[in-house]
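Please consider the following account alongside the sequence and the coordinates. It proceeds from a loop to a strand and its partners, and then to the cysteines.

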Amino acid sequence: MFSRAFVLTILCSVATASQALLTNPVREVAVKPWTAKVSSKKVRSYVTKDIKLPDPIPEEGQLAALEIMQTGRLYRYNVAKAEDSAVSKCEMEIAAYTGHKYCVGLNSCGSALMLLLKTTGLKPGDKVISNAFTFGAVPSAIEHAGGKAVYVESTMDMVIDLEDLEKKLNDNPDCTHVLISHMRGKVADMQGVKDLCDKHGATLLEDCAHSLGVRYKDHHSGHMGVACAISSQSYKVINSGEGGFLLTDDPDIAAKTAVYAGAYESLSSKHVTVPNKEGFKDYPVTIPNYSLRMSNLAASVIRPQIKTLDRRIAKYNARYGRLQKVLERRAGDHLTIPKLTPEVSVMVHDSMQFNLNKKFTPEMIEQFLKECNDHGLPVELFGHRSNARNFVNWGFAPADCPLPKTAAMLERACDVRMPLMWEDKDFDDMADVIVESLEKVLHDAGML
């Protein structure tokens with residue numbers, strides 16, 4: 001076994017080679033007021049930081065992971081009691097944060113999405129209504145579960161269109177499930193969604209991969225449906241590389257999820273946030289084991305991040321608010337920023353989305369993306385021919401009807417991450433690059 005002093009020495013050495021590895025993701029100093037630079041300067045601005053920079057694992061998580069590796073007990077069930085498992089502890093903490101009764105840790109959010117459908121009765125070939133604007137993992141999960149995706153239009157605010165949702169429910173009376181994706185944390189009018197699902201007898205499920213920390217009507221996202229899924233993939237607000245959780249207040253869904261994930265024989269006793277043994281019925285012998293369990297190693301690095309979630313979210317939101325003001329002041333004639341649903345009481349702004357105005361032709365949009373990239377800021381276009389969030393790229397689950405509203409939004413919808421570990425001045429540079437790139441494109445087109 002390594003001594004604690006030895007472990008700390010190793011960690012400090014790693015920190016020397018990798019800036020901020022041991023830094024707490026939340027700095028205690030107040031965020032300085034943000035003053036945007038003047039856009040008329042002749043020298044172009046550059047972004048010098050990595051846009052893909054993930055949040056580091058706090059020292060507490062690193063030490064916990066090392067301790068688990070020293071014992072070799074990475075398997076969640078290799079413990080004497082359920083409470084001894086890092087995964088069980090993590091499940092309890094996640095459930096407490098979101099306000100759900102039951103929680104099962106999994107190897108990915110994609111697995112959680114698939115199990116949302118499997119545990120709520122989806123049969124092979126059943127229709128699943130979902131957003132036309134989401135990440136490819138959602139239709140992939142529908143295909144994985146044996147369902148057939150039916151897509152609903154999205155609005156310019158990047159949420160599901162309730163008018164089209166009602167139309168699709170009317171057009172598909174045999175639809176059994178509605179899976180709503182809160183893409184980039186943007187939550188739709190979920191009361192309206194639930195009312196439509198209840199009216200048509202469809203099971204409502206929520207993909208909360210991007211909405212951990214988001215509150216709707218002052219309740220954590222994921223409570224309007226019968227169950228939801230969250231993610232701990234590296235680019236989310238909790239980072240274990242890969243990982244996910246299925247959350248619900250329904251004991252039957254929780255029991256089935258645990259068995260599908262790998263609670264065979266009597267291993268349900270090694271869980272805390274699941275129903276009692278009687279709630280598992282005969283599931284260990286009638287439900288297959290897909291081996292989708294979360295490891296103790298993943299759980300150990302997630303746990304300390306839960307403690308700082310609210311403070312980190314506050315920092316994200318403060319920076320977003322300043323960036324939004326700068327972009328609207330300096331480029332408000334050229335772009336619009338999606339508005340939040342009024343019932344959203346807390347948002348998590350870990351990225352910025354904006355829609356370019358209609359005066360930008362496809363060629364001008366391509367030039368804008370190139371200008372940004374050439375100046376150190378990779379801006380993604382949701383409607384790009386290679387983007388996995390563009391429904392035309394889902395050849396494994398293609399749309400069976402036109403989606404003109406979503407296509408019109410995607411073709412001018414831009415997306416930029418806002419890494420927590422950047423400094424405030426880096427977001428000055430981000431704003432300058434976006435504005436200057438817009439101005440360059442408009443100047444070259446004779447429109448400025």
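**A loop, a strand and the cysteines**

Glu 265 is located in the loop that lies between helix H8 (251-261) and helix H9 (283-286). The model under discussion is a predicted one. The backbone of Glu 265 has a phi near 50°, which is a positive value in a residue other than glycine. Glu 265 has a relative accessible area of 63% and is therefore classed as exposed.

Lys 281 also belongs to the loop between H8 and H9. For Lys 281, phi is again near 50°, a positive value in a residue that is not glycine. Lys 281 counts as exposed because its relative accessibility is 55%, the cut-off for that class being over 50%.

Attention now turns to strand E14. This strand spans residues 413-417 and is mostly covered, with 5 of its 5 residues buried. Its side chains point in two directions: Ala 413, Asp 415 and Arg 417 point one way, Cys 414 and Val 416 point the other way, and all of them are buried. The charged residues Asp 415 and Arg 417 are thus among those that are buried in E14.

Which strands pair with E14? One partner is strand E12 (residues 351-356), which runs antiparallel to E14 and is joined to it by 5 bridges. Within this pairing, Gln 353 has Asp 415 of E14 as its bridge partner. Another partner is strand E13 (residues 380-381), which pairs with E14 in the antiparallel sense over 2 bridges. Here Leu 381 stands opposite Cys 414.

Cys 414 leads to the matter of sulfur chemistry. A disulfide is a covalent bond between the sulfur atoms of two cysteines. How many disulfides does the structure hold? The number is 0. Why does Cys 414 form no such bond? The closest cysteine sulfur to that of Cys 414 belongs to Cys 372 and is 7.7 Å away, which is too far for a bond; the criterion requires the two sulfur atoms to be within 2.5 Å. Cys 414 has 0% relative accessibility and therefore counts as buried.

Cys 228 can be examined by the same reasoning. The closest cysteine sulfur to that of Cys 228 is in Cys 208, at 4.2 Å, and this separation is too far for a bond. Cys 228, with a relative accessibility of 0%, likewise counts as buried.

Technical notes. Residues numbered from 1 in each chain as written. Predicted model: local features only at pLDDT ≥ 70, side-chain atom pairs only at ≥ 80, totals over all residues. Heavy atoms only, no water. Buried < 20%, exposed > 50% of the residue type's maximum accessible area, 1.4 Å probe, protein only. Helix = DSSP H or I, 4+ residues; strand = E, 2+ residues; numbered from the N terminus. Pairing = 2+ DSSP bridges.
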